Amino acid sequence: MGPPARGVAGMSGGATLSALVVAHNEEGQLAACLKTLEFADEIVVVLDRCTDGSKAIAETFGARILEGGWEIEGPRRMTGIEACAGPWVLEVDADERVPAELADEIRRTIAGAEPGYFLIPYDNYVGERLVRYGWGGSWGVSATVRLFTKGAKVWGDQRIHPKVTLTGEKRWLTCRMVHYVDRNISDMIQRLDRYTTARAQDMRAQGSTESFGRNLRRLFTRFFKCYVRRKGYREGYYGFLIALFAAIWPMIAWLKFKLEDE
């Protein structure tokens, strides 16, 4: 028998914090993720077309569970945000972990912070290897907005990398989120295929007029940005791989848009 569902009254004298996880068939990652969120006043889990054991895992952590099917990421995430008791929301993916020092910083911060949002820096892992430099160009993030008050972060309706509208002052936390982004190079390749297919679908839906020449130039500018400006070279071959994938994914997406029907 799992623990009882959490209340939403917040810690003594503190603001209420809702931890939100949106998942699709994440039984291999979900328990480890939710274990690091037990410091929150409530856990909300959105299960998107799950056919594995994710629901049973979420239940053992006393999570409030929403089930459904969402084709597009933005509406899926907004459903979860709206379901949070709030007012503060910590948005975490199943392949992410909140270390104890970050949990403590979050609690201290929201106790006296004005409404708005905070960026959280990331430690990204490929397998067991920490890869800190080179992320960007829509291929992974070094920091992103995951702590916010309801209304301060609104997701768009794009299929891949939805645009986010933010309200308030740009503020930062210092402790890092742990992100197990890929298990290996094969995972990177599969992610490239998913990203480019979703981007091509967005381009069709939007009637994109992007040109071959623009995407050809981006091969070089994105590689330079990740490998040189974001110091991917410091990561050796991993930095080269990250820069390579960041460079080629817009071109592959464009070619899928032009050459495939769906």
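The secondary structure of this protein chain comes to seven helices and 12 strands; helices (H or I, at least four residues) and strands (E, at least two) are DSSP runs, numbered from the N terminus. You are looking at a predicted model, in which local features need pLDDT of at least 70 and side-chain atom pairs count only at pLDDT 80 or more, while totals for chains, interfaces and linings use all residues. Residues are numbered from 1 along each chain as its sequence is written, and side-chain values use heavy atoms, leaving out hydrogens and water.

Let us start with the overall form. Along its principal axes, the C-alpha trace spans about 60 × 40 × 35 Å. The radius of gyration is 19 Å, which agrees with the value near 18 Å for a compact globule of 262 residues; it is taken over C-alpha atoms, and the globule rule is 2.2 Å times the number of residues to the power 0.38. Of the 262 residues, 49% count as buried, where buried means under 20% relative accessible area, exposed over 50%, and partly exposed in between (1.4 Å probe, protein chains only). Contacts (heavy atoms within 4.5 Å) tell us how the chain folds back on itself: among those between residues at least 6 apart in sequence, 76% join residues at least 24 apart.

Now step inside, to helix α3 (73-83). Why is α3 described as largely enclosed by the rest of the structure? Eight of its 11 residues are buried, so the description fits. The buried ones are Glu 73, Gly 74, Arg 76, Arg 77, Met 78, Gly 80, Ile 81 and Ala 83. Their cover includes the strands β1 (17-23), β2, β3 (64-68), β4, β8 (143-149) and β9 (153-155).

Following α3, the loop that leads to β4 (88-93) holds Pro 87. The peptide bond from Gly 86 to Pro 87 is cis, with omega near 10°. Most peptide bonds are trans, and most residues other than glycine have a negative phi.

That brings us to two residues with a positive phi. Arg 49, in the loop between β2 (42-48) and α2 (54-60), has phi near 55°. Its relative accessibility is 45%, so Arg 49 counts as partly exposed. The other is Lys 231, with phi near 65°, in the loop between α6 (212-229) and α7 (237-259). Lys 231 is also partly exposed, with a relative accessible area of 36%.
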